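Visitor: Mind walking me through this one? I have a few things I'd like to ask.

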Amino acid sequence: MIQKSFVMMKPDAVQRRLMGKIFSRFEDKGLQVIAVKLIQIDEDLAKTHYGEHAEKPFFPSLVEYITSSPSLAMVIKGEEVISTIRKIVGATNPLEADLGTIRGDFAMDMGRNIIHASDSPASAEREIGLFFDEDEICDYKIIDNNLIYE
Ligand code: IDP
Ligand code: MG
């Protein structure tokens with residue numbers, strides 16, 4: 001099934017100038033980036049986005065991290081894209097993430113793990129709605145021998 005996922009390069013990815021390399025992981029795989037926004041997340045948006053973790057001990061430091069500097073928000077489209085991107089991203093703890101994944105290759109610390117990706121169709125829909133207006137999503141057709149999407 002063709003799906004859309006919300007993916008976000010966190011402040012450490014932007015600060016470390018890894019944006020191009022991370023885009024390449026998705027583009028090389030054959031996924032389609034249909035929206036992009038560099039955004040300084042404020043405290044309200046951080047708390048809403050990570051609401052499911054509000055009671056966790058790491059929540060204050062997570063909010064501080066995610067609001068510390070701009071993030072790069074994206075919508076990515078493709079066949080089974082939600083689970084595919086979670087595989088490309090790797091485990092939450094970069095020390096446990098397989099080499100070859102983004103977290104496995106670029107990070108060492110759970111609290112600086114480079115990237116966010118939606119974990120289900122329901123969270124993708126919620127997160128895309130939080131970060132993007134409808135008219136910011138360019139759902140163009142790919143005209144390419146390798147990729148033919150509706
Ligand atoms: P995910 O990003 O792989 O979906 P979640 O469990 O949803 O992982 O956690 C959201 C984010 O909260 C993680 O990506 C990470 O930045 C942070 N986080 C999760 N667990 C910990 C922890 O134990 N210590 C510090 N930060 C954590
Ligand atoms: Mg999560």
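Guide: Sure. One term before we start: "lies across" rests on contact, which means heavy atoms within 4.5 Å. Also keep in mind that this is a predicted model.

Visitor: Okay, which strands does helix α5 lie across, and at about what angle does it run to β1?

Guide: Helix α5 spans residues 81-89. Going by those contacts, it lies across β1, β3 and β4. Its direction relative to β1 comes out at about 35°.

Visitor: And helix α2, at about what angle does that one run to β3?

Guide: Helix α2 takes in residues 19-29. It lies across β1 (2-9), β2, β3 and β4. Against β3, the angle is about 10°.

Visitor: What is the strand order in the sheet?

Guide: It's an open sheet of 4 strands, and the pairing is antiparallel. β2 (32-39) and β4 (115-117) each have a single partner strand, so they stand at the edges with one side lacking a neighbour in the sheet. From one strand to the next, the twist averages 20°. Read across, the order is β2-β3-β1-β4.

Visitor: Which residue in β3 stands opposite Gln32?

Guide: β2 pairs with β3 (residues 71-79) in the antiparallel sense, over 7 bridges. Opposite Gln32 in β3 you'll find Lys77.

Visitor: Let's turn to the largest pocket. Which residues lie closest to its centre?

Guide: The largest pocket holds about 510 Å³ of space. It has 23 lining residues, and the closest to the centre are Lys10, Tyr50, His53, Phe58 and Thr92.

Visitor: How many of the lining residues are polar?

Guide: Among the contributors, α4 (59-66), β4 and α7 (121-131) each supply at least two residues to that lining. By residue class, the lining has 7 nonpolar and 7 charged members. The polar ones number 9.

Visitor: Which residues of the UniProt "binding site" annotation are in the lining of the largest pocket?

Guide: That annotation, from an unreviewed entry, covers Lys10, Phe58, Arg86, Thr92, Arg103 and Asn113. Lys10, for one, is found in the loop between β1 and α1 (11-15). Checked against the pocket, the lining includes Lys10, Phe58, Arg86, Thr92, Arg103 and Asn113.

Key:
Residues are numbered from 1 along each chain as its sequence is written. Chains are lettered from A and ligands numbered from 1 in the order in which they are written. This is a predicted model: local features need pLDDT of at least 70, side-chain atom pairs count only at pLDDT 80 or more; totals for chains, interfaces and linings use all residues. Side-chain values use heavy atoms; hydrogens and water are left out. Two strands pair if DSSP finds at least two bridges between them. Axes are lines fitted to C-alpha atoms, for helices over the stretch in contact, and angles run from 0 to 180 degrees between N-to-C directions. On a 1 Å grid over the protein atoms alone, a cavity is a set of points where a 1.4 Å probe fits but cannot get out, and a pocket is an open set with protein on both sides within 12 Å along at least five of seven lines; lining residues have an atom within 4 Å of a point. Grid points are joined across faces, edges and corners, and a volume is the space filled by probe spheres set on the points. Ala, Val, Leu, Ile, Met, Phe, Trp, Tyr, Cys and Pro count as nonpolar, Asp, Glu, Lys and Arg as charged, and the others, Gly among them, as polar. UniProt positions are given in the numbering used here, feature names are shortened, and annotations may be inferred rather than shown by experiment.
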